[in-house]
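This report describes the empty spaces in a protein model and the way some of its helices pack against one another.

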Amino acid sequence: MSGTYRDVDGGPDPDEAADWLDRVNAWPAIQACKQWTLAQLRGLEPVLDVGCGTGGDLGSLRTIGVDPSQTMVQRARARGGLVVRGRAERLPFADRAFGGTRADRVLQHLDDPLAALREMVRVTRPGGIVVAGDPDQGSLVIEVPGVRRALVEEVRRYRRDVLYRHGTLARRFPGLFASLGLSQIEVHAEVLVLTDPDLAFGLPTWVRHRHETAGDISTGVVEEWDAGMVRARAEPGFVYAVTYLVTRGRRTA
């Protein structure tokens, strides 16, 4: 699922991508991030949800959503959300139009996340709050019993540096916020832990994907990884854990 959200409508199954997003959004660690985010924005309405996806958060505050995907926009509108189609790097709103802006697991997928952050600051009024959160793929922990540690480490690196455009962007948010003139910067962390490999964002397919696309992984390594996934489904011991970092800052001018 790594590249799916770079271009949902251009992907192989946009509806599946939307369904998966709803499923992940219900997980406790993700819900905890959302609740912390919403607490920062409460009382600052109207709020802009940048990359609102299927619109599950639009009813929590007086919120307007924006998303580039027609599939996501249709899902959000079906839920009763007020949504427009547009890109984060060029938000279709006036300066200082919102009391707060948020981007939940969005900026990591963009070509130019700094441009999107600038836009979020632009449309936030003085005294308002900007919040952005993403997983830090540098924090990723993977344990697959029976698979060589060197292979697991290479899979972690591949996830961090190849499958994501900006796998460690989240740790840079505080510095980026400060560079854009935001103050009162705070960081909140939540750890997502999974023990079922089939919930781990397509993890069982990553090695085969690299073999088929880059060609620098042998069929023997693919077989080793596939066998590890079979064991991980049948026996205890599999762990996938990643830290989500959510940063908030206040626009002062």
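By class, the residues that line the largest pocket comprise 20 nonpolar, twelve polar and 15 charged. The model in which this pocket is found is a predicted one. The pocket has a volume of about 770 Å³. Its lining is made up of 47 residues, and those nearest its centre are Y5, G51, R105, V106 and H109. Several elements supply at least two residues each to this lining: helix 1, strand 1 (47-50), strand 2 (63-67), strand 4, strand 5 and strand 7. Helix 1 provides the largest share, with four residues.

**Enclosed cavities**

Rolling a probe the size of a water molecule over the atoms reveals where empty space remains. In this structure, two cavities reach 30 Å³ or more. The largest cavity holds about 100 Å³ of space. Of the 15 residues in its lining, C33, T37, D104, G133 and V246 are the closest to the centre. Two or more lining residues come from each of helix 2 (28-41), strand 4 (98-104), strand 5 (124-143) and strand 7 (239-251). The lining of the largest cavity contains eight nonpolar, two polar and five charged residues.

The second largest cavity has a volume of about 60 Å³. Its lining consists of L151, E154, V155, Y158, W206, V207, R210 and I217. Helix 5 (149-163) and helix 7 (206-213) each give two or more residues to this lining, and helix 5 gives the most, with four. Six of the lining residues of the second largest cavity are nonpolar and two are charged, while none is polar.

The volumes and lining classes of these spaces are set out below.

| Space | Volume | Nonpolar residues | Polar residues | Charged residues |
|---|---|---|---|---|
| Largest pocket | about 770 Å³ | 20 | twelve | 15 |
| Largest cavity | about 100 Å³ | eight | two | five |
| Second largest cavity | about 60 Å³ | six | no | two |

**Helix packing**

Two packed helices are described by the angle between their axes and by the distance between those axes. How do helix 1 and helix 3 lie relative to each other? The axes of helix 1 (residues 14-25) and helix 3 (residues 70-78) come within 9 Å and cross at roughly 55°. The two helices are therefore oblique to each other. The crossing of helix 1 past helix 3 is right-handed. On the helix 1 side the contact involves P14, D15, A17, A18, D19, L21 and D22, which meet T71, M72 and R75 of helix 3. Five of the residues in this contact are nonpolar, one is polar and four are charged.

Helix 5, which contributes to the lining of the second largest cavity, also packs against helix 8. The axes of helix 5 and helix 8 (residues 219-234) come within 11 Å and cross at roughly 95°. This angle makes helix 5 roughly perpendicular to helix 8. Which residues form the contact between helix 5 and helix 8? L151, V152 and V155 from helix 5 meet V221, E224 and W225 from helix 8. The contact contains five nonpolar residues, no polar ones and one charged residue. Among the helix 5 residues in this contact are L151 and V155, and L151 and V155 are also part of the lining of the second largest cavity.

Conventions: Residues numbered from 1 in each chain as written. Predicted model: local features only at pLDDT ≥ 70, side-chain atom pairs only at ≥ 80, totals over all residues. Heavy atoms only, no water. 1 Å grid on protein atoms, 1.4 Å probe; cavity = no way out; pocket = protein on both sides within 12 Å on 5 of 7 lines; lining within 4 Å. Points joined across faces, edges and corners; volume = space filled by probe spheres on them. Nonpolar A, V, L, I, M, F, W, Y, C, P; charged D, E, K, R; others polar. Axes fitted to C-alpha atoms, helices over the stretch in contact; angles between N-to-C directions. Parallel < 35°, antiparallel > 145°, perpendicular 65-115°, else oblique. Left-handed = near helix turned anticlockwise from the far one by under 90°. Contact = heavy atoms within 4.5 Å.
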